[in-house]
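This report concerns one helix and the charged side chains associated with it. The sequence and the structure are shown first.

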Amino acid sequence: MSNLIRRTKRERRVPLPAGLVPLLTQREIETFYGVSTWQIDQWRKAGMPDEPFAGQGRRYDLAKCQAWHANNATDARSWKAAA
């Protein structure tokens, strides 16, 4: 056991593989767009994509959400301007 090397959490980190994009939580997507949970739910009902996720809550691919907003002209600025 004495030959086991203890490494810090920082030393154990590995870079993400190329092309791997982390999914955002509901709270993170709310923060990105500067809107409430209610607004995200409305966008989801209107068709904004969320990703399959085995855990609790929903996860969002930011690129897909941005593409959905561009195609539907529903970016956060236009929703805020309409309010």
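A residue is called exposed when its relative accessible area is over 50%, buried when that area is under 20%, and partly exposed in between. The model discussed here is predicted.

**The two sides of helix α3**

Helix α3 spans residues 37-45, and its buried residues are Q39, I40 and W43. These residues cover an arc of only 100° around the axis, which means that they lie on the same side of α3. On the other side of the helix, W38 and K45 are exposed. A general property of helices is relevant here: an α-helix has 3.6 residues a turn, so residues three or four places apart point the same way. Just after α3, the backbone at G47 takes a positive phi of about 120°.

**Salt bridges involving α3**

How many salt bridges does the structure hold? There are four. Among them are the pairs listed below, each with the distance between its nitrogen and oxygen atoms.

| Salt bridge | N to O distance |
|---|---|
| R44 and D41 | 3.4 Å |
| R44 and D50 | 3.7 Å |
| R58 and D50 | 3.2 Å |

The R44 and D41 pair is internal to the helix: both residues lie in α3, three residues apart, which is about one turn. R44 also meets the side chain of D50 in a salt bridge, and D50 in turn is paired with R58. Taken together, D41, R44, D50 and R58 are linked in a network of salt bridges.

**Accessibility of the network**

Are the members of this network buried, partly exposed or exposed? R44 has a relative accessible area of 25% and is therefore partly exposed. D41, its partner within the helix, is likewise partly exposed, with a value of 23%. For D50 the relative accessible area is 31%, so this residue is also partly exposed. R58, at 34% relative accessibility, counts as partly exposed as well.

In summary, α3 has Q39, I40 and W43 as its buried residues, with W38 and K45 exposed on the other side. D41 and R44 of the helix belong to a salt-bridge network that includes D50 and R58.

Key: Residues numbered from 1 in each chain as written. Predicted model: local features only at pLDDT ≥ 70, side-chain atom pairs only at ≥ 80, totals over all residues. Heavy atoms only, no water. Buried < 20%, exposed > 50% of the residue type's maximum accessible area, 1.4 Å probe, protein only. Helix = DSSP H or I, 4+ residues; strand = E, 2+ residues; numbered from the N terminus. Arc of directions from axis to C-beta.
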